Amino acid sequence: MSIHEECGVFGVIGNPNSDIARDVYHGLYALQHRGQESCGIVVNDDGVFASHKDLGLVGEVFSENILSSLPGGRMAIGHVRYGTTGGNTVSNIQPMVVSHQKGNLALAHNGNLTNSLVLRDRLELSGAIFHSTSDTETICYMITRERLKCASIEQAVLSAVKYLKGAYSLVMMSATKLLAVRDPMGFRPLCYGRREDGSYVVASESCALDAVGAHFIRDVLPGEMIVFTMNDVESGAGPVSYTENCRDHRTPCIFEYIYFARSDSMIDSVSVHDTRVRAGKILAREYPVEADVVVGVPDSGLDAAIGYSIQSGIPYEIGLVKNKYVGRSFIAPSQQQRTDTVRIKLSPVRSVLSGKRVVLIDDSIVRGTTSKRIINILREAGASEIHLRISSPPFRHPCFYGVDVDSEDNLIANHHSTEEIAKMIGADSLGFLPIDDLGEMSGCASYCSACFDGNYPTAVPTDARKDRFERKLSQKE
Ligand code: AMP
């Protein structure tokens with residue numbers, strides 16, 4: 001059982017046409033890279049919530065029939081989720097919808113709370129009954145509990161988030177309001193924009209605003225809550241910002257820039273593509289090598305490969321082609337078939353590689369399995385030398401803020417030096433982005449790089465508490 005999640009959130013308010021579910025569908029499609037295991041849409045039709053959620057990709061879950069069966073409405077939210085082994089149950093699919101004393105609430109969450117186990121314990125002791133294993137349900141409980149004491153949903157959210165620790169980018173919907181909230185450290189991204197028709201759109205990444213024709217307005221600030229009310233949107237007054245939980249110190253996740261986000265997104269005013277190109281330039285400066293061609297591993301290694309090529313003057317070439325149709329739903333071959341799934345996803349361009357000294361760029365080495373396989377493919381295609389450059393520092397620590405990282409024991413950099421890793425994966429040389437260059441790469445003054453250096457910006461759950469919680473959950477299932 002793991003409680004880690006990688007997700008994407010999306011919301012629309014003020015939509016004048018009846019096709020709101022389709023808008024969310026298009027937004028979620030653009031966020032599919034943030035989660036491929038389940039997804040859902042909740043439409044608010046004059047205060048009545050209708051939803052559809054299931055396991056699978058956006059295109060699989062939302063057939064034409066399903067989309068047209070969802071009602072029209074002026075407001076809707078959606079979610080794509082990647083839950084790791086064991087946590088991928090139907091009850092964990094988002095958005096979550098709860099009915100409480102004062103109405104309905106739908107909530108979509110990206111990130112991981114670091115104190116959800118403490119909060120859940122307290123809630124259960126006071127009589128709360130949980131239906132899922134996800135920390136998102138804890139957030140729903142905290143908000144609805146506060147709602148009983150507060151005059152408005154915004155007051156309830158402002159007071160509930162004071163109890164939450166860790167990473168949360170939230171999009172929420174009540175009968176008449178859409179709310180966007182980002183945790184004070186700003187771990188996960190969240191931004192909003194507006195369309196010509198006056199409707200507002202909130203999304204994890206700006207690429208989803210582009211997909212539905214919304215102009216990017218700005219990022220939701222770390223700690224900020226933005227409230228869009230139907231009346232204000234219709235009158236043109238726009239949203240209201242609450243910044244009382246904002247702080248000076250922020251730590252957005254550096255791995256969003258390295259791997260997780262899409263290259264065409266802007267996060268906190270920084271282009272993801274530009275950071276990756278800068279990472280490639282740094283790698284060329286730090287680890288120069290004589291070579292004939294620079295090749296990136298699609299998709300997230302391509303931008304850094306361009307940067308390496310610009311800085312070194314070595315030509316950039318497409319040496320690996322990715323099969324666009326291999327997704328998470330791909331059925332991995334059995335052990336006996338001995339088929340290498342990387343071979344099905346990536347194929348070498350022999351004319352580019354044969355007899356060449358290749359600089360190969362990828363975004364990360366986690367367990368080392370992928371790099372080893374890719375290097376094999378390149379050797380078989382005739383590459384004479386392979387110099388691997390990685391646009392992140394070595395992975396050493398788990399993430400408690402919403403990125404799924406293998407257990408510390410399985411992280412190759414925890415047991416081997418760079419030279420040993422190079423040997424194990426069959427590279428002629430290997431260089432990781434120096435950890436001190438993450439600031440230059442991202443242009444961020446401060447950030448979370450705990451997966452590389454173990455410096456967690458907040459307290460993280462203790463092992464004893466995690467063990468107890470996981471035991472408790474497995475008894476329930
Ligand atoms: P490996 O070293 O075999 O564990 O895999 C490394 C590859 O997995 C890299 O090329 C990344 O593109 C990809 N990767 C890195 N982190 C993650 C993650 N959290 N979830 C899914 N894929 C990842």
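Below are legends for a few close-up views of this predicted model.

A quick note before the views: residues are numbered from 1 along each chain as its sequence is written, and side-chain values use heavy atoms, with hydrogens and water left out. Since the model is predicted, local features need pLDDT of at least 70 and side-chain atom pairs count only at pLDDT 80 or more, while totals for chains, interfaces and linings use all residues.

**View 1. Five strands make an open, parallel sheet.**
Helices (H or I, at least four residues) and strands (E, at least two) are DSSP runs, numbered from the N terminus. Here the strand order is β17-β16-β20-β21-β22. At the edges sit β17 (316-317) and β22 (429-432), each pairing on one side only; two strands pair if DSSP finds at least two bridges between them. Look at β20 (residues 357-362) and β21 (residues 385-390): six bridges join them. One to pick out is Ile-361, whose bridge partner in β21 is Arg-389.

**View 2. Two helices lie across strands of the parallel sheet.**
Helix α11 (residues 302-312) lies across β16 (293-296), β17, β20 and β21, and runs at about 160° to β16. Helix α15 (residues 418-425) lies across β21 and β22, at about 130° to β22. Contact means heavy atoms within 4.5 Å. For the angles, axes are lines fitted to C-alpha atoms, for helices over the stretch in contact, and the values run from 0 to 180 degrees between N-to-C directions.

**View 3. The ligand sits in a shell of 14 residues.**
The closest are Val-366, Arg-367, Gly-368, Thr-370 and Asp-404; a residue is near the ligand if one of its heavy atoms lies within 4 Å of it. The shell divides into five nonpolar, four polar and five charged residues. In that split, Ala, Val, Leu, Ile, Met, Phe, Trp, Tyr, Cys and Pro count as nonpolar, Asp, Glu, Lys and Arg as charged, and the others, Gly among them, as polar. Helices α9 (254-260) and α14 (369-380) each supply at least two residues of the shell.

**View 4. Zooming in, polar atoms of the protein meet the ligand.**
The side chain of Tyr-259 has an N or O atom 3.0 Å from a nitrogen atom of the ligand. A polar backbone atom of Gly-368 is 2.8 Å from a ligand oxygen atom, and a backbone N or O atom of Thr-369 lies 3.2 Å from an oxygen atom of the ligand. Taken alone the ligand exposes 510 Å², and the protein buries 85% of that (accessible areas come from the Shrake-Rupley method with a 1.4 Å probe).

**View 5. An open sheet of six strands shows antiparallel pairing.**
Its order is β5-β6-β7-β8-β12-β13, with β5 (96-100) and β13 (240-242) as the edge strands. Neighbouring strands are turned by 20° against each other on average, direction ignored. Five bridges join β7 (residues 169-173) to β8 (residues 177-182), and in β8 the bridge partner of Leu-170 is Val-181. Helix α5 (residues 135-149) packs on the sheet, touching β5, β6 (103-110) and β7.

**View 6. A few backbone oddities turn up in loops.**
Most residues other than glycine have a negative phi, and most peptide bonds are trans. Yet a cis peptide bond joins Gln-94 and Pro-95, with Pro-95 in the loop between β4 (75-83) and β5. Another cis bond joins Pro-298 and Asp-299; Asp-299 is in the loop between β16 and α11. Finally, Asp-268 has a positive phi of about 50° although it is not a glycine.

How values were computed. A polar contact is a pair of N or O atoms within 3.5 Å; within protein, one must be able to donate a hydrogen and the other to accept it, and residues adjacent in sequence count only if both atoms are side-chain atoms.
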